[in-house]
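Okay, thanks for making room for me today. I'd like to walk you through one structure, so let me put it up on the screen.

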Amino acid sequence: MDNKINGIIVYNLFYDRIEIEYIIVPGEYRKKGIGSRVISSFINLLKEVEEVEFILLTPKNDKARSFWSVNKFLDEDTTDEEFAMI
């Protein structure tokens, strides 16, 4: 890449729960695996700091659902809007 920040993740930490708000990858860098690398790095960092049992997400649209599905998050039966990584 060109020494720019090409992807970021925004999340909230609430005691023992993390909520991923969104991932930002500029348009010209999309579809190049950057978002997946951001998520993978984030999860690895979480595992180093704390034992992670699962991550629960609520994707807002089909594009987001597809992204999480490709990144090994499972569509849970809890509601139509929740994905989880276990």
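So, to start: how many helices and how many strands does the chain have? There are 2 helices and 5 strands. Before we go on, keep in mind that this is a predicted model. If you read along the sequence, you get β-β-α-β-α-β-β. The chain has 86 residues, and 24% of those are buried. On the outside, about 6,800 Å² is exposed, with 51% of that coming from carbon and sulfur atoms. And if you take contacts between residues at least 6 apart in sequence, 42% of them join residues at least 24 apart.

Let's go inside. You'll all know the general idea that in soluble globular proteins, nonpolar side chains tend to be buried together. Here, the largest nonpolar core has 14 residues, and the ones touching the most other members are Ile-9, Ile-20, Ile-39, Ile-55, Leu-57, Trp-68 and Phe-73. Which element gives the largest share of this core? That's α1, with 6 residues. Both α1 and β3 put in at least two residues each.

Take Ile-9 from that list. Leaving out residues up to four places away in sequence, Ile-9 touches Ile-20, Tyr-22, Ile-23, Val-38, Ile-39 and Phe-42.

Phe-73 is another one I like. You'll find Phe-73 in the loop between α2 and β4, which is 74-75. Is Phe-73 buried or exposed? Its relative accessibility is 3%, so Phe-73 counts as buried. Phe-73 sits 18 residues from Ile-55 in sequence, and the two are 8.7 Å apart in space, C-alpha to C-alpha.

Now for a residue in another loop. Lys-31 lies between β2 and α1. Lys-31 isn't a glycine, and yet its phi is positive, at about 65°. Lys-31 counts as exposed because its relative accessibility is 84%, and the cut-off for exposed is over 50%.

Glu-21 falls in between. Glu-21 belongs to strand β2, and with 40% relative accessibility it counts as partly exposed. Which residues does Glu-21 contact, once you set aside neighbours within four places in sequence? Those are Val-10, Tyr-11 and Asn-12. As for Ile-9, which we just met in the core, Glu-21 is 12 residues away from Ile-9 in sequence and 7.7 Å away in space, C-alpha to C-alpha.

Last stop, the pocket. The largest pocket comes out at about 1,500 Å³. It's lined by 44 residues, and the closest to its centre are Ile-20, Ile-23, Leu-57, Phe-67 and Trp-68. You've heard some of those names already: Ile-20, Leu-57 and Trp-68 were on the core list too. Where does the lining come from? At least two residues each come from β1 (8-14), β2 (17-24), α1 (34-49), β3 (55-57) and α2 (62-70). The largest share, 8 residues, is from β2. By chemistry, the lining splits into 25 nonpolar, 7 polar and 12 charged residues.

So, to wrap up: the residues to find on your own screens are Phe-73, buried in its loop at 3% relative accessibility, and Lys-31, exposed in its loop at 84%. After that, have a look at the pocket, starting with the residues closest to its centre, Ile-20 and Trp-68 among them. That's me done, and I'm happy to take questions.

Definitions and conventions
Residues numbered from 1 in each chain as written. Predicted model: local features only at pLDDT ≥ 70, side-chain atom pairs only at ≥ 80, totals over all residues. Heavy atoms only, no water. 1 Å grid on protein atoms, 1.4 Å probe; cavity = no way out; pocket = protein on both sides within 12 Å on 5 of 7 lines; lining within 4 Å. Points joined across faces, edges and corners; volume = space filled by probe spheres on them. Helix = DSSP H or I, 4+ residues; strand = E, 2+ residues; numbered from the N terminus. Nonpolar A, V, L, I, M, F, W, Y, C, P; charged D, E, K, R; others polar. Core = buried A, V, L, I, M, F, W, Y, C linked by side-chain atoms within 4.5 Å. Buried < 20%, exposed > 50% of the residue type's maximum accessible area, 1.4 Å probe, protein only. Contact = heavy atoms within 4.5 Å. Areas by Shrake-Rupley, 256 points an atom, 1.4 Å probe, with all protein chains shown as cover.
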